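These are my notebook entries on one structure. I set down each point as I looked it up.

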Amino acid sequence: MSVGLTGGCLCGAVRYRLRGTPCHITHCHCRSCRRASGAAFVTWFTIRVHELEWRGERPMQYHSSAAVSRGFCPHCGSTLTYFHESDPEEIDVTAASLDTPEVLVPEHHTWWEQRLEWGTANAQSALPVHQRCGG
Ligand SMILES: [Zn+2]
Ligand SMILES: [Zn+2]
């Protein structure tokens, strides 16, 4: 996995480049991620806030709870980021918004107890279940 990965939204108005290495790559099955994305689950990676360099427009923010901001493209609506005030040094980015998402290797599942059965028939594989996120 390398530094310098790039990504962006569906329409291309919001673009980003990583100055660090993604870590903590997880499939989040919480209801909030599901609603925010319209998908059965969302795969996130974590990066230091200062290692995420925005290009073009900035994402618009939606506060899905008091401490949580979810960033999305103001034009096409692509789900891009998750930020929790309790962890101000880090931000989560949607793995599938990368230009080369295939380079990431998911490490675990989060909020497995909220999963949709039909969305996860083959998803568990050998990955462990990890607790965090939400809101
Ligand atoms: Zn867009
Ligand atoms: Zn979630």
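Where is the place of His24? I looked it up and found His24 in strand 3, which covers residues 23–28. I note at the outset that the model is predicted.

**Entry 1: backbone angles**

I then checked the backbone of His24 and read a positive phi of about 55°, although His24 is not a glycine. Most residues other than glycine have a negative phi. I found a positive value for Trp111 as well, with phi near 55°. Trp111 belongs to the loop between strand 10 (108–110) and strand 11 (129–130).

**Entry 2: the zinc site**

Which residues coordinate the zinc ion (ligand 2)? I recorded Cys28, Cys30 and Cys33, each through its SG atom, at 2.2 to 2.3 Å. Along the sequence, I noted the spacing of these donor residues as C-x1-C-x2-C. I also looked up whether Cys28 and Cys33 are buried or exposed. Both Cys28 and Cys33 are buried. Strand 3 covers residues 23–28, so I place Cys28 within that strand because strands are taken as DSSP runs.

**Entry 3: the sheet of eight strands**

I turned next to an open sheet of eight strands. Its order is 6-7-8-9-4-3-10-11, and I recorded the pairing as mixed. Why is one side of strand 6 and of strand 11 left without a neighbour in the sheet? Each of them stands at an edge and has a single partner strand, so no neighbour lies on its other side.

I followed two of the pairings in detail. Strand 6 (residues 60–65) and strand 7 (residues 68–72) pair in the antiparallel sense over five bridges. A hairpin of two residues joins strand 6 to strand 7, and I found Met60 opposite Phe72 in strand 7. Strand 4 pairs with strand 9 (residues 90–94), also in the antiparallel sense and over five bridges. There, I noted Asp92 in strand 9 as the bridge partner of Thr46.

**Entry 4: the sheet of three strands**

I also found an open sheet of three strands, with the order 1-2-5 and antiparallel pairing. Its edge strands are strand 1 (6–8) and strand 5 (52–56), each of which pairs on one side only. Neighbouring strands of this sheet are turned by 25° against each other on average, direction ignored. Three bridges join strand 1 to strand 2 (residues 14–18). I looked up the partner of Thr6 and found Arg17 in strand 2.

**Entry 5: the loop after strand 1**

Leu10 lies in the loop between strand 1 and strand 2. Is Leu10 buried or exposed? I count Leu10 as exposed because its relative accessibility is 74%, and the cut-off for exposed is over 50%. I also compared positions: Leu10 and Pro22 are 12 residues apart in sequence and 21 Å apart in space, C-alpha to C-alpha.

**Entry 6: the largest pocket**

My last entry concerns the largest pocket, for which I noted a volume of about 200 Å³. How many residues line the largest pocket? I recorded 15, of which Ser78, Thr79, Thr94, Ala96 and Ser97 lie nearest its centre. Strand 4 (42–48) and strand 8 (79–84) each supply at least two residues of the lining. By type, I noted eight nonpolar residues, seven polar and no charged in this lining.

Technical notes. Residues are numbered from 1 along each chain as its sequence is written. Chains are lettered from A and ligands numbered from 1 in the order in which they are written. This is a predicted model: local features need pLDDT of at least 70, side-chain atom pairs count only at pLDDT 80 or more; totals for chains, interfaces and linings use all residues. Side-chain values use heavy atoms; hydrogens and water are left out. Donors are N, O and S atoms within 2.8 Å of the metal (3.2 Å for Na, K and Ca); water is not among the atoms, so sites may look incomplete. Buried means under 20% relative accessible area, exposed over 50%, partly exposed in between (1.4 Å probe, protein chains only). Two strands pair if DSSP finds at least two bridges between them. Helices (H or I, at least four residues) and strands (E, at least two) are DSSP runs, numbered from the N terminus. Axes are lines fitted to C-alpha atoms, for helices over the stretch in contact, and angles run from 0 to 180 degrees between N-to-C directions. On a 1 Å grid over the protein atoms alone, a cavity is a set of points where a 1.4 Å probe fits but cannot get out, and a pocket is an open set with protein on both sides within 12 Å along at least five of seven lines; lining residues have an atom within 4 Å of a point. Grid points are joined across faces, edges and corners, and a volume is the space filled by probe spheres set on the points. Ala, Val, Leu, Ile, Met, Phe, Trp, Tyr, Cys and Pro count as nonpolar, Asp, Glu, Lys and Arg as charged, and the others, Gly among them, as polar.
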